[in-house]
Structures are given as C-alpha cells and as structure tokens.
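Trainee: Could we go through this model together? I would like to learn how each label is earned.

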Amino acid sequence: MDAVMNFGQGIFGGIWPGVWTLIKIVLIVAPLMLGVAYLTYFERKVIGFMQVRIGPNRVGPLGLIQPIADGLKLLLKEVIVPTGANKGIFVIAPMLALAPALAAWAVVPFTDSLVLANIDASLLYIMAITSMGVYGVILSGWSSNSKYAFLGAMRSAAQMVSYEISMGFSLICVLMVSNSLNLVDIVNAQHQGRLAGIGLGFLSWNWLPLLPMFMVYLISGVAETNRAPFDVAEGESEIVAGFFVEYSGMAFAVFFLAEYANMILVSALTSILFLGGWLSPVGFLPDGIFWLLAKMSAILFLFLWFRATFPRYRYDQLMRLGWKVFVPVCLVWLVVVGCWMMSPLNIWK
Amino acid sequence: MDFQTLVFFFLSAILIVASLRVITARNPVHAALFLILAFFTCGGIWSLLQAEFLAIAIILVYVGAVMVLFLFVVMMLDINLDRIRQGFWNYLPLGAILGMLMVLEMGLVLGSKYFQVPAADVALPAGISNTKSIGALMFSDYVYPFELASIVLLVGMIAAIVLTYRGPKKTKYTNPNQQVFVKAKDRVRVLQMPVEKD
C-alpha cells in the first residue's frame with residue numbers, strides 16, 4: 001500500500017490526494033454498476049424460478065451475458081425528446097435520479113477502515129442525500145408533458161415523502177441506542193453486551209431489540225425505492241410506466257440504474273444499521289466485508305421475493321400503511337426505547 | 001488563494017446566480033428549482049464553516065421535504081403570469097422598503113467587525129461533534145424556547161388541518177382499514193355439492 005502511495009505521490013505530486021480519492025470512487029462505483037447489471041439478471045432468474053419458468057438462458061452460458069446485451073441495446077437506441085417536453089429539465093431529470101443513489105455511497109462503510117469518507121454525521125448525510133432522489137422522479141414526470149408521467153410523479157412524490165417520515169423515525173431509534181451518527185460507530189456499537197460476549201453476536205445486533213423498527217425500515221425501504229408491492233409510481237397496468245413513460249434508450253436506462261442502485265443502497269444500510277454490517281454472527285468466525293455482502297444479498301433476495309409474491313397496493317391503502325400504521329408504531333417505539341434506556345434494564349451501556 | 005477560498009467563491013457565485021434566477025425566472029417551476037439549488041449551495045457554504053449539522057439539516061428539511069411539497073403545489077397550479085405582473089407598480093414601494101430593510105440588516109451583520117462587535121470564533125477543535133453540542137444546548141440551556149417553538153409548530157399543523165377539513169363526507173366511500181382486515185370466510189362461502197347420480 002505504501003509503495004502505491006509513494007508511486008502516486010511521485011507522479012502526481014500535490015494533486016495526488018485528489019487523484020487517490022477519484023481512484024477510490026471508481027473502486028466503489030464500478031463494482032456497484034456491475035452489481036446493478038447482475039441484480040437485474042438475478043431478479044429475472046429468481047422470479048423465473050418462483051413462477052416455474054427458466055428466465056434468461058440464451059445469451060452466453062446460463063444467460064450470464066444477458067445484462068451486458070441489454071445495456072448495449074439501450075446504449076444504441078435513440079433518446080427521444082417529446083415535442084412538448086421541457087427539454088433542459090427532461091435531460092437532467094435522469095441524472096438527478098441517479099446522482100443521489102451514487103453520492104450516498106461516499107459514507108457507507110464496508111469494514112472498520114474501508115470507507116471513502118468517515119464523517120461524524122454520516123447517517124444524517126445519507127438521509128439528506130437519499131431524500132434528494134425524489135426530484136428525479138417529480139421532474140421527469142412534469143417535464144415529459146404527459147398525463148401518465150405526471151400522475152406517476154405525483155403518486156411517487158407523495159409516497160416517498162410519507163415513507164421518509166417513518167424511515168427517519170426508525171433511524172432515530174438506531175442513533176439513540178448507538179449514541180452516534182457515525183455509521184462505523186453504529187456497527188461497532190452492535191458488537192457489545194452480554195450476548196456478544198458469549199459469542200452469539202447476531203443476538204446483540206439492533207434487529208432484535210429494535211424489531212418493530214427493523215420491520216418498518218425494511219418495508220419503508222421497499223416503498224422508498226418504488227419497488228413492488230409499492231410500485232404505484234410505475235404501475236404498468238394502471239398508468240403504463242408512470243414517470244418514465246416518455247424516456248427511451250440510455251435516458252430510460254439511467255432511471256433503471258438509479259432504481260437498482262437505490263435497492264443495493266437500502267440493503268447495505270439495512271445490513272449496517274440493523275444486521276451488524278461486517279460483524280460475524282458468531283464468535284468463532286472472523287469479521288469481514290464478506291458478511292456485509294452476504295447480508296446485502298439476503299435483503300436483495302427479499303426485495304425480489306416481495307415482487308414475486310405480493311400484488312400491488314392500492315394507493316389509499318399504501319398511504320394508510322405509511323401514516324396510520326408506521327408513524328404511530330414508530331412514535332410508540334421511540335418512547336419505549338427512551339424509557340428502556342433510562343431504566344436499569346438498559347442493555348446499551 | 002487557498003482551496004477553501006476557491007470553493008467558497010465557487011459556491012457563492014452559484015448561490016447568487018440561483019437566487020437572482022428565483023425572482024427573475026418566468027416559469028414558476030424553474031423558479032422553484034433555482035430555489036432548491038440555492039438551498040443546496042447554501043448548505044455547501046455552511047459546511048465550509050464547519051456547521052455540518054445545519055448544512056445537512058437545511059438539505060434534509062428544505063430540499064428533501066419542504067421544497068418537494070412546494071414543487072408539487074407549483075406544478076398543479078395554473079398560474080397566469082400576466083395577471084400576477086399587473087399589480088407590479090402598486091406593490092413596488094412596499095417591496096422596495098422591505099428590501100432596503102433587509103439590506104440594512106445584512107449590512108449590520110456583515111459589518112459587525114467594522115462596528116467592533118466581537119465575531120464568534122468558528123475554528124472547532126477536532127473530536128467535538130457539532131450535532132452533539134447543538135443537541136446538548138437545545139435540551140439544557142434553551143429547552144423552554146425549543147419546547148415553545150415545537151408547540152407553535154404543532155398549533156400551526158393543527159390549524160392547517162382544521163382550515164382544510166370540510167366535515168364528514170356525504171358520499172359513500174370505502175374504508176381501507178376494514179378492507180385489509182377482511183377474511184376470505186367473511187366474503188366467500190364454500191359449499192359442498194354431492195355428485196348427483198340417478
């Protein structure tokens with residue numbers, strides 16, 4: 001590692017720290033994009049399996065080249081801008097959808113030391129950046145000058161703003177028990193207590209004492225990413241394809257990338273906040289990044305499983321779930337956790 | 001000129017242009033978008049001043065929630081720009097007086113060094129969390145103003161609901177709460193039909 005640093009210092013001189021950060025960004029974004037591509041393949045295979053089909057199997061062995069073929073096809077297609085569209089906003093809307101999904105990865109820790117920016121307020125940063133994602137959806141819907149797109153955008157805006165509240169409340173519980181906003185500290189805080197001491201680490205993670213919040217966060221995460229059964233923003237059987245109905249070619253692909261990058265981000269956050277991140281579930285196995293990847297894969301599988309299992313929520317039922325079920329549950333559990341921490345039964349000392 | 005100064009001027013230039021476009025843009029949606037850009041850049045400048053909590057809070061609250069709803073409303077409105085511009089000259093004197101007042105106030109704040117007001121030292125030692133110190137102050141020294149502010153917000157929220165509430169609906173409507181708790185046996189009766197033989 002020192003040799004690489006010295007070599008870079010020699011070539012780039014004073015701007016080396018900037019170049020090194022760029023290299024680290026590429027090292028995060030490139031696997032992420034590859035993950036997105038193969039998540040689409042995985043999704044088609046898993047849903048195919050659940051529906052007793054085979055899924056993609058023609059391009060390459062087991063259909064493994066399929067995502068690359070899809071990407072190439074989308075790259076070569078023409079991007080059509082509708083005549084009545086607001087051109088500038090129409091073009092920047094997909095970028096506004098993708099940029100927050102990538103920018104949030106800046107503070108996501110992969111292990112104790114493997115993190116691009118280990119900042120104090122990283123949880124707040126993630127909440128702030130992910131709340132920007134809704135603009136891509138609203139603006140694409142508005143600028144397309146199409147009724148279906150506008151309906152999709154309105155639905156999505158209301159949905160994302162509603163579920164952000166319950167998501168924020170569940171994060172408040174996590175930061176109360178970990179006494180920190182730093183994601184590295186939050187993971188390390190899950191590795192203490194009597195159960196972690198006797199080698200049963202997975203029972204000391206946040207998911208158990210904060211079980212209702214874990215459920216709320218997971219379901220709100222599905223709603224925030226506009227995935228089935230909360231995909232009323234796309235609703236292909238009701239409003240064609242919702243907010244991106246007028247997009248074609250690479251502009252459409254960017255929305256697609258943003259959705260899958262957000263799914264991976266939510267799964268990473270759920271693993272870090274509630275499932276102990278890179279910590280090993282039992283004492284006799286070493287900690288490491290592979291645990292984080294395994295937990296993320298399990299949650300991504302849940303996302304796909306939901307999609308294959310549940311029918312789409314009707315819009316008013318979805319709003320009822322967000323406001324009348326999750327928000328009261330969060331408020332109650334917030335008070336419960338507060339009292340628990342002040343009582344002699346406090347397990348987070 | 002060091003890097004921080006460069007970033008400051010870069011962000012300030014964006015902030016000034018965006019703020020000017022908020023009041024000059026003809027399309028109200030564009031104006032709202034420039035306001036969002038202004039908030040975002042403002043957050044950047046605050047984080048340069050090591051106020052990372054405020055910087056993130058403005059993005060989380062204003063950009064992430066308030067402006068989304070604002071944009072939502074602006075998109076739905078059918079705004080006739082010519083009618084809005086009709087009263088321009090009538091409102092100009094009042095607007096000019098308010099504007100001058102704001103310029104005066106900002107001048108007093110910015111010129112505090114000139115008027116010998118001791119400026120706060122913003123250089124923070126490492127290891128002190130901005131968020132923690134704001135939280136500690138809010139719930140110890142300033143707990144009454146803080147609670148008062150939250151009560152004012154609560155009253156505002158209830159007032160908004162009361163103002164827009166139109167009483168119980170006269171029409172028939174479905175109750176999603178009853179719908180999701182419905183069981184199959186409440187709706188469907190499965191009958192045993194013996195095979196008829198003759």
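Trainee: What makes A:Asn145 count as partly exposed?

Mentor: Let's count its neighbours. A residue is buried if 20 or more other C-beta atoms, placed from the backbone, lie within 10 Å of its own C-beta, exposed if 12 or fewer do, and partly exposed in between. A:Asn145 has 15 C-beta neighbours inside 10 Å, so it counts as partly exposed. Before we go on, remember that this is a predicted model: local features need pLDDT of at least 70, side-chain atom pairs count only at pLDDT 80 or more, and totals for chains, interfaces and linings use all residues. Residues are numbered from 1 along each chain as its sequence is written, while chains are lettered from A and ligands numbered from 1 in the order in which they are written.

Trainee: Where in chain A is A:Asn145 found, and what is notable about its phi?

Mentor: A:Asn145 is in the loop between helix 6 (133–143) and helix 7 (147–178) of chain A. Helices (H or I, at least four residues) and strands (E, at least two) are DSSP runs, numbered from the N terminus. Phi of A:Asn145 is near 60°, a positive value in a residue other than glycine. Most residues other than glycine have a negative phi.

Trainee: Why is A:Asn226 called buried?

Mentor: A:Asn226 has 25 other C-beta atoms within 10 Å, and that is why it is called buried. This residue sits in the loop between helix 10 and helix 11 of chain A. Its phi is near 60°, again positive in a residue other than glycine.

Trainee: And A:Ala241, is that buried, exposed or partly exposed?

Mentor: With 17 other C-beta atoms within 10 Å, A:Ala241 is partly exposed. A:Ala241 belongs to the loop between helix 11 (236–239) and helix 12 of chain A.

Trainee: Which residues does A:Ala241 touch, not counting those up to four places away in sequence?

Mentor: They are A:Glu234 and A:Glu236. Two residues are in contact if their C-beta atoms, placed from the backbone, lie within 7 Å. As for A:Asp231, 10 residues away along the chain, its C-alpha atom is separated from that of A:Ala241 by 10.0 Å.

Trainee: How do you know that helix 12 of chain A is largely enclosed by the rest of the structure?

Mentor: Of its 26 residues, 23 are buried, so helix 12 of chain A is largely enclosed. Helix 12 (residues 249–274) reaches 38 Å from its first C-alpha to its last, close to the 38 Å expected at 1.5 Å a residue. That expected span is 1.5 Å times one less than the number of residues. Just after helix 12, A:Gly276 takes a positive phi of about 75°.

Trainee: What makes helix 1 of chain A hardly covered?

Mentor: Helix 1 (residues 2–12) has 11 residues, and the count of buried ones is zero. A:Gly13 follows helix 1 of chain A, with a positive phi near 65°.

Trainee: How do helix 10 and helix 14 of chain A pack?

Mentor: Helix 10 (residues 211–224) and helix 14 (residues 315–342) of chain A pack at an angle of about 145°, with their axes 10 Å apart. Axes are lines fitted to C-alpha atoms over the stretch in contact, and angles run from 0 to 180 degrees between N-to-C directions. Among the residues that meet are A:Pro212 and A:Met213 in helix 10 and A:Phe326 and A:Trp333 in helix 14 of chain A. By class, this contact has seven nonpolar, one polar and no charged residues. Ala, Val, Leu, Ile, Met, Phe, Trp, Tyr, Cys and Pro count as nonpolar, Asp, Glu, Lys and Arg as charged, and the others, Gly among them, as polar.

Trainee: How do you know that the radius of gyration of chain A agrees with a compact globule?

Mentor: With 349 residues, a compact globule would have a radius of gyration near 20 Å, and chain A has 21 Å, which agrees. The radius is taken over C-alpha atoms, and the globule rule is 2.2 Å times the number of residues to the power 0.38. Chain A has 14 helices and zero strands, and buried residues make up 44% of its 349 residues.

Trainee: How many helices are there in chain B, and how many of its residues are in contact with chain A?

Mentor: Chain B has nine helices and zero strands. In chain B, 19 residues are in contact with 17 residues of chain A. Helix 3 of chain B gives the most to that side, with 13 residues. The residues on the side of chain B that touches chain A divide into 14 nonpolar, four polar and one charged.
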